Amino acid sequence: MFVTLVALHVTAAVSTPLAAQTAAESADIERLVITATRTARPWLETPAAVERVDVKSLTPGMRTDAAELLEGIAGLQVDTRFNFAQDTRITLRGFGARAAFGVRGVRLRLDGIPLSMPDGQAQTSSILLDEPSSVEVLRGPLAAIHGNSAGGVIDLQSRRPLQSTVSANLSAGSAGRERQHLRAVYADERQSFSGDYARFRTDGDRPFSAVKRDQWALRWYRDLGEQAELILRLDDNDTPLLQDPLALSPEQWRENPRQTAPQAATFGTRKSIRHRQQSLTLRARDFSALHWLTDWQLSAWHGKREIEQYLAFPGTAISSSGAVIDLSRSFYGTNLSSTVQPLADTPWQLTLALEQEQQKDERLGFVNDFGSRGELRRDETGRVNSRDATLISDWQFHPRWAWITGARLSRIDFTVADRFIVPGNPDDSGEVRYQENAWSSALNFAVRDDLSLFAGTGVGFETPTLTEMAYRNEGSGLNTELNAAKVRQHELGLKLQRERWLLQSAVFVIDTDDDLLVDQSIDGRTTYRNATNTKRQGVELSNRFSLSDTLSWRASYTWLDASFGQSEADANSGNRLPGLARSNFFQQWQWQPVSSGTLQPLSLRLNHQYRSSVPVDDANSTYAPGAHLWGLAAQTEWQWGHTRLDAWLRLDNLTNKDYVGSVVVNQSNGRSFEPAPGRLWMGGITLRW
């Protein structure tokens, strides 16, 4: 099969219309800093499938869902649940498909600060989505050296504000959507201050799905002499109400996709979140006087996340852990990275990174007494402590050849102390340690100045999270029988960059032993198991093409074959992995006339997205149907002296198609379809001084 994929890859490189972009965009890509190497390396010379998207080039929107920042990136399947009580479902080359909530198998970062916990899970709801100026997505073997659950890396990047401004945004849309965002910036030659406040409200696209969310963010950038910069970040995300309308069964969805599951009203399913986080970063600015030291960064962060969630069942059994979750999570960490050039006048750089992270979960569980908190059913403290050391070598050993290698040593300790020990519910305390290694190696060959080939291989790992260890199908206690998954990735790719053309194409094969998969999922109580082995192989194409100075086309396609390995011991042998579409296609046509005077002419974007059918369980007994979706957006801008007004209007699902936004994998109660709404409209204006 791999030979077939290579043939498809070569054919695509020859016959597919070449992607393109303007000369200005090409220059921007040439300055791209690859997060895998933590050293400045041009995109064309980087031996990995990596893509960077400028947020300004994306479809305008309210920025309330992480999917808005990840549209059209090859290798990513981003499923919007249209249920704000559940995070956006993100999978990358199949990693993260089993996640019942949050993001798994993919590392999230913001300006070098991890958004993923040390046990591998992450949430996107805590991010102020107005902040990132660009998104960089790294796929393939080089991602393995980012540590636990690094099937890929999504690196959100912001820019330091350099000009004093005040801005106010007002947006509105279907289902009572309304959002206000206020931002103030003070900047001088040595420092910058910024403050943000964002308020979001909606009645929800289905009954019983209202949302109230308020976010605050403060930033301070300070130059320390000529060589260093200090960055202080303070974030507060207060979401007191997230109603949960629950998923539907296939029969319910076909009958009426706009309905809410009756259990939502019966048990008052809802969630509240309070997320606070602080970070301090000291990083390099100028090393003209230190030729041997090219880059360094020291970061420290601390945060607390409090969650109360009401699930759709009573949880009265003494061993059930309850159905009202009361979780208080504190986390902190530090990392230090330094890049040196050991030999003068030699294009060889070494990067050493040391990281230490801790996570503490205080978890209570109560009976759900029809929407009220009942008797105690769970009282425990879980801890995760991780320590990692990484060494990366970046060697340009020939003008046309670049070789990047990396190795990472990781130790991750899990402990759970149970305090709810009563007759019928024994002591569920336990501990387990994972000591894992990861490595990768990749080569890049410049065929000519505008064309390069790359190949890579590597081995990574993925441990269970605290939540995934929490339950067993039979008996009680921490599920310490779960092994860390071992992931072997291989990749072969091609890149082409010209003044108006940009093309990236890759084929990949991923073999995983002891892959972690959902075993059962019933109303929030999810258990996991190790599969014998799984295999993923696929083809990715991404391209941009500037037809003229006013018309451009951006497109991406991912074909993914993900299945259980052949084994007589596994009843699902040969079946497709649940939650993954075989084909994902995205295209965007943009028309933007050349501006003149104070008025920026109306720009138009037409989007088309196709996702094929998705199996919802290991047995492949049911599939969510595929769908073609169309969207249209218009944007314009006026400038009067120091004042600027931006306005935009957006229509999603133009054809008003009924489709499934996401699926709940292996949902034993049959409610596996998370319905998407019909046609949506959104619009907004922003005034800046």
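Where in the structure is M117 found? M117 sits in the loop between β7 (113-114) and β8 (134-139). The model is predicted. The points below start from M117 and go on to D388, the aromatic residues, the strands around β27, and two residues with positive phi.

**Surroundings of M117**

- M117 is buried, its relative accessible area being 7%.
- Residues up to four places away in sequence aside, M117 touches R107, R329, F331, E357 and Q359.
- One of these contacts, F331, is 214 residues from M117 in sequence, yet the C-alpha atoms of M117 and F331 are 7.7 Å apart in space.

**Surroundings of D388**

- D388 belongs to strand β19 (residues 373-398).
- With a relative accessible area of 10%, D388 is buried, which falls below the 20% limit for that class.
- The D388 side chain makes a polar contact of 2.4 Å with the side chain of S410.
- Another polar contact, at 3.2 Å, links the side chain of D388 to the side chain of R408.
- Neighbours within four places in sequence left aside, D388 is in contact with A353, L354, E355, R408, L409 and S410.

**Aromatic pairs and cluster**

- A pair of aromatic rings is described by two quantities, the distance of the centres and the angle of the planes.
- The structure has 11 aromatic pairs.
- In one of them, the ring centres of W395 and W403 are 6.3 Å apart and the planes stand at 40 degrees, so this pair is tilted. An angle of 40 degrees is neither under 30 nor over 60, and therefore the pair counts neither as stacked nor as edge-to-face.
- W395 is partly exposed at a relative accessible area of 35%, and W403 is also partly exposed, at 34%.
- In another pair, W553 and W589 have ring centres 5.6 Å apart and planes at 25 degrees, so the pair is stacked.
- W553 lies in strand β28 (residues 551-564) and W589 in strand β29 (residues 583-591), so their pairing ties together parts that are 36 residues apart in sequence.
- W553 is buried, with a relative accessible area of 16%, whereas W589 is partly exposed, with 33% relative accessibility.
- One aromatic cluster is formed by W395, F397, W401, W403 and F445.

**Arginines over rings**

- R270 lies over the face of Y310, 3.8 Å from the ring centre.
- R536 lies over the face of F95, and here the distance to the ring centre is 4.3 Å.

**Strand β27 and its partners**

- Strand β27 (residues 533-546) is mostly covered, with 11 of its 14 residues buried.
- β27 pairs with strand β24 (residues 501-513) in the antiparallel sense over 13 bridges.
- Within the pairing of β24 and β27, L503 stands opposite N543 of β27.
- β27 also pairs with β28 in the antiparallel sense, over 13 bridges.
- K535 has S563 in β28 as its bridge partner.
- The connection from β27 to β28 is a hairpin of 4 residues.
- β28 also holds W553, whose ring pairs with that of W589 in β29.

**Positive phi outside glycine**

- Most residues other than glycine have a negative phi.
- F370, which is not a glycine, has a positive phi of about 55 degrees. F370 is placed in the loop between β18 (348-368) and β19.
- F370 counts as exposed, at 59% relative accessibility.
- N653 likewise has a positive phi, near 55 degrees, and is a residue other than glycine. Its place is the loop between β34 (643-652) and β35 (660-663).
- N653 counts as buried, at 5% relative accessibility.
- Is F370 buried or exposed? F370 is exposed, whereas N653 is buried.

Key. Residues are numbered from 1 along each chain as its sequence is written. This is a predicted model: local features need pLDDT of at least 70, side-chain atom pairs count only at pLDDT 80 or more; totals for chains, interfaces and linings use all residues. Side-chain values use heavy atoms; hydrogens and water are left out. Rings of Phe, Tyr and Trp (its six-membered ring) pair if their centres lie within 6.5 Å; planes under 30 degrees apart count as stacked, over 60 as edge-to-face and the rest as tilted. Buried means under 20% relative accessible area, exposed over 50%, partly exposed in between (1.4 Å probe, protein chains only). A charge sits over a ring if NZ of Lys or CZ of Arg is within 6 Å of the ring centre and within 35 degrees of the ring normal. A polar contact is a pair of N or O atoms within 3.5 Å; within protein, one must be able to donate a hydrogen and the other to accept it, and residues adjacent in sequence count only if both atoms are side-chain atoms. Contact means heavy atoms within 4.5 Å. Two strands pair if DSSP finds at least two bridges between them.
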